[in-house]
Amino acid sequence: MSETVLDVRNLEAGYEPGVPIVRGASIIVRKSEIVVVLGPNGAGKSSFIKAIAGLVPITGGTVFLDGKDITAAPAHTMVRLGLAFVPQTENIFPLMSVEDNLKVACGILERREIPARIEEMYAAFPDLVRQRSTAAGNLSGGQRQMLAVARALIVHPKVLVLDEPSAGLSPKFVSMVFEMLAGIRKSGVTILLVEQNAKAALAIGDRAYVLVEGKDRHEGIASELWNDPVVAELYLGQRPSHAGKGGAA
Amino acid sequence: MSLQFVVDGLLTGSMIGLGAIGVTLTYSILRFSNFAHGDFMAWGTYATLAVVSAIGATFGKVAPIAPLSFGWPLLVALVIGMAFTAILALLLDKVLFSRLRSQGQAIIVVMASFGASMALRSLLEFTFTSRPTYFSRAIQIAMPVGFGIRITPDQIALLLLTAVLVLGVHLLMTRTQTGRSMQALSQNAALARIVGIDVASVVRVTWVIGGALACVAGVMIGILVQIRPFMGFDMLLPMFAAAILGGIGSIPGAVLGGLIIGLAEAGAVQLIGAEWRAAVSFIILMAVLFVRPIGLFGVRER
Ligand SMILES: Nc1ncnc2c1ncn2[C@@H]1O[C@H](COP(=O)(O)OP(=O)(O)OP(=O)(O)O)[C@@H](O)[C@H]1O
Ligand SMILES: [Mg+2]
């Protein structure tokens with residue numbers, strides 16, 4: 001079994017003191033894996049990965065990235081530590097051009113490395129090339145997600161963390177996003193993915209966790225979880241894929 | 001009607017515009033209206049004046065540079081004054097604004113800036129009295145340049161200086177990583193952190209730019225008009241009107257807004273009398289808020 005990249009142990013986090021949202025959640029993500037986190041609406045999936053990314057105050061537990069304790073690291077240091085995060089909503093700078101959205105994320109790269117790295121992103125996401133000087137706010141939903149992912153990948157992260165990249169997209173874009181993620185993994189990038197679209201996520205994932213009320217309640221091989229009765233039960237009898245359309249961030 | 005108002009308007013507009021850059025940056029990046037910005041101008045001007053006097057006391061009388069009314073001491077003093085004003089702004093942020101900002105209520109920060117404004121102004125009055133003073137009492141001869149317009153060498157130099165500074169800030173905002181970080185922070189603070197931007201350091205840059213330009217604007221007023229403790233406070237309304245007219249967050253907008261208000265003020269003075277000068281900013285401000293609240297270069301929030 002390959003080495004552990006992200007190791008989250010008994011994480012507790014919340015927005016206000018005394019109101020824990022994440023209540024002792026633990027997951028492990030190994031090198032070049034796609035790990036999926038499923039769960040009903042309001043289970044705390046977004047809060048969980050936002051806490052990992054340093055955006056929600058952590059009150060207990062630890063987060064290790066490549067063996068290093070990053071539990072207390074401020075959000076802006078995460079890219080340097082190797083964790084790139086793509087939030088569920090508002091994940092681009094709408095008034096900046098596509099190119100500036102990429103450039104602004106290059107703060108930790110060597111200055112002379114940047115132009116080539118941007119071209120590499122355009123090569124990986126050809127849809128963005130024609131739009132390079134368009135304001136990102138004018139992109140279609142699918143293109144926005146591509147830009148957000150490109151922006152996260154540009155810094156060579158050890159792990160790419162995504163919050164519902166398919167939420168709010170039309171079916172055509174949804175399959176495009178999942179194809180893109182499968183392709184990114186093939187290039188060796190480790191991915192932690194939160195999804196409501198359980199079927200599609202489990203199809204590209206290696207392993208998955210089910211998060212309920214802020215705690216990981218079930219774990220398994222992604223391909224086996226789709227027909228796992230425990231998962232259906234945790235979703236309160238709903239089929240996971242129809243458990244919701246993805247609510248507020 | 002004489003076209004002289006164009007020169008007067010452009011000069012007033014330059015001062016307003018340089019000040020409005022700071023206003024618009026603080027508003028878009030720190031999300032509050034800094035009513036102490038005018039007093040940064042006054043403090044910067046008095047600091048510059050103090051350095052000019054100190055240089056005069058040390059080196060004796062220095063001859064002005066050819067046609068201008070001032071010599072190298074003022075230029076050196078201006079740079080020192082800009083640094084001083086930047087530090088003043090950083091200091092005020094550290095002891096006052098940043099603490100209140102962390103509580104997350106913008107109105108408290110605005111009120112604090114009002115208090116800081118009064119305190120800063122009173123300190124100036126206390127130290128330097130409210131009597132006007134000047135960088136130089138020499139009268140400059142205005143040169144005719146056609147169309148009934150006359151302009152002094154000082155005025156030409158200051159217009160050029162404004163153009164250079166505005167271009168510099170614009171390039172900084174659009175071409176450098178620092179500028180992109182500032183734009184990013186103004187559009188989405190959480191995402192800015194996610195992409196690795198250290199908010200605290202961008203905030204510091206914002207204060208340095210705003211403070212330094214406030215000082216330049218103040219010194220321009222000092223050279224062309226006079227130096228008074230109220231000189232900056234009196235510019236607040238035109239500066240905010242310019243920032244809002246240009247569209248909050250837009251550097252070119254703030255400058256264009258300043259020039260429009262400067263020209264409108266100068267035109268109004270000539271057409272309907274000097275007592276209407278102050279009303280011009282107010283009328284323009286109201287008109288913008290009614291007709292196009294996002295301003296000329298503003299973009300609707302998502
Ligand atoms: N910024 C916030 N401040 C306070 N409470 C919040 C905040 N964001 C989320 N919460 C609360 O945290 C709980 C979990 O929300 P979270 O968004 O993490 O769930 P989720 O599993 O991502 O849901 P969804 O599937 O709808 O995206 C909810 O009860 C929500 O009200
Ligand atoms: Mg969510």
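# Reading pockets, a metal site and an interface

Author: Let's start with open space: the largest pocket holds about 1200 Å³. Keep in mind that this is a predicted model.

Reader: Okay, how many residues line that largest pocket, and which lie nearest its centre?

Author: There are 47 lining residues, and I221(B), G222(B), I223(B), L224(B) and V225(B) are the ones nearest the centre. Several helices of chain B give two or more residues to this lining, among them helix 2 (37-59), helix 3 (72-101) and helix 8 (199-224).

Reader: Which element gives the largest share of that lining?

Author: That's helix 1 of chain B, with six residues. You can also sort the lining by class: 26 residues are nonpolar, 13 polar and eight charged.

Reader: What does the second largest pocket look like in volume and lining?

Author: Its space comes to about 890 Å³. The lining has 33 residues, and nearest the centre sit L95(A), S186(B), I248(B), G249(B) and S250(B). Notice that this list names both chains. Helix 1, helix 5, helix 6 (177-187) and helix 10 of chain B each bring at least two residues. By class, you get 17 nonpolar, 11 polar and five charged residues.

Reader: And closed spaces? How many cavities of 30 Å³ or more are there?

Author: Just one, with a volume of about 30 Å³. Around it you'll find A53(A), A75(A), M78(A), L83(A), F85(A) and I194(B). Those six lining residues are nonpolar, with no polar and no charged ones.

Reader: Now the metal. How do I read a metal site?

Author: A general yardstick is the angles: ideally 109.5 degrees for four tetrahedral donors, and 90 or 180 degrees for six octahedral ones. Here, start with the donors. The magnesium ion (ligand 2) has S46(A), through OG, and Q88(A), through OE1, as its protein donors, at 1.9 to 2.5 Å.

Reader: Where do S46(A) and Q88(A) lie in the chain?

Author: S46(A) is in helix 1 (residues 45-52) of chain A, while Q88(A) is in the loop between strand 6 (83-86) and helix 3 (98-104), so the pair ties together parts that are 42 residues apart in sequence.

Reader: Is S46(A) buried or exposed? And Q88(A), buried or exposed?

Author: The cut-off for buried is under 20% relative accessible area. S46(A) has 13%, so it counts as buried, and Q88(A), at 8%, is buried too.

Reader: How do people describe the size of an interface?

Author: Often as the accessible area lost when the parts come together. In this model, chain A and chain B bury about 1800 Å² between them, with 65% of it on carbon and sulfur atoms. H76(A), F93(A) and V104(A) supply 32% of the area that chain A buries against chain B, more than any other three residues. If you'd rather count residues, 21 from chain A are in contact with 18 from chain B.

Reader: Last one: what should I look for in backbone angles?

Author: Most residues other than glycine have a negative phi, so a positive value is worth a look. E164(A) has a phi near 45 degrees. You'll find E164(A) in the loop between strand 7 (159-163) and helix 6 (171-186) of chain A, and at 4% relative accessibility it counts as buried.

Reader: Which residue of chain B has a positive phi although it is not a glycine?

Author: T129(B), at about 60 degrees. T129(B) is in the loop between helix 4 (106-128) and strand 1 (143-144) of chain B. With a relative accessible area of 37%, T129(B) is partly exposed.

How values were computed. Residues numbered from 1 in each chain as written. Chains lettered and ligands numbered in written order. Predicted model: local features only at pLDDT ≥ 70, side-chain atom pairs only at ≥ 80, totals over all residues. Heavy atoms only, no water. 1 Å grid on protein atoms, 1.4 Å probe; cavity = no way out; pocket = protein on both sides within 12 Å on 5 of 7 lines; lining within 4 Å. Points joined across faces, edges and corners; volume = space filled by probe spheres on them. Helix = DSSP H or I, 4+ residues; strand = E, 2+ residues; numbered from the N terminus. Nonpolar A, V, L, I, M, F, W, Y, C, P; charged D, E, K, R; others polar. Donors = N, O, S within 2.8 Å, 3.2 Å for Na, K, Ca; no water. Buried < 20%, exposed > 50% of the residue type's maximum accessible area, 1.4 Å probe, protein only. Contact = heavy atoms within 4.5 Å. Buried area = accessible area lost by both parts, 1.4 Å probe.
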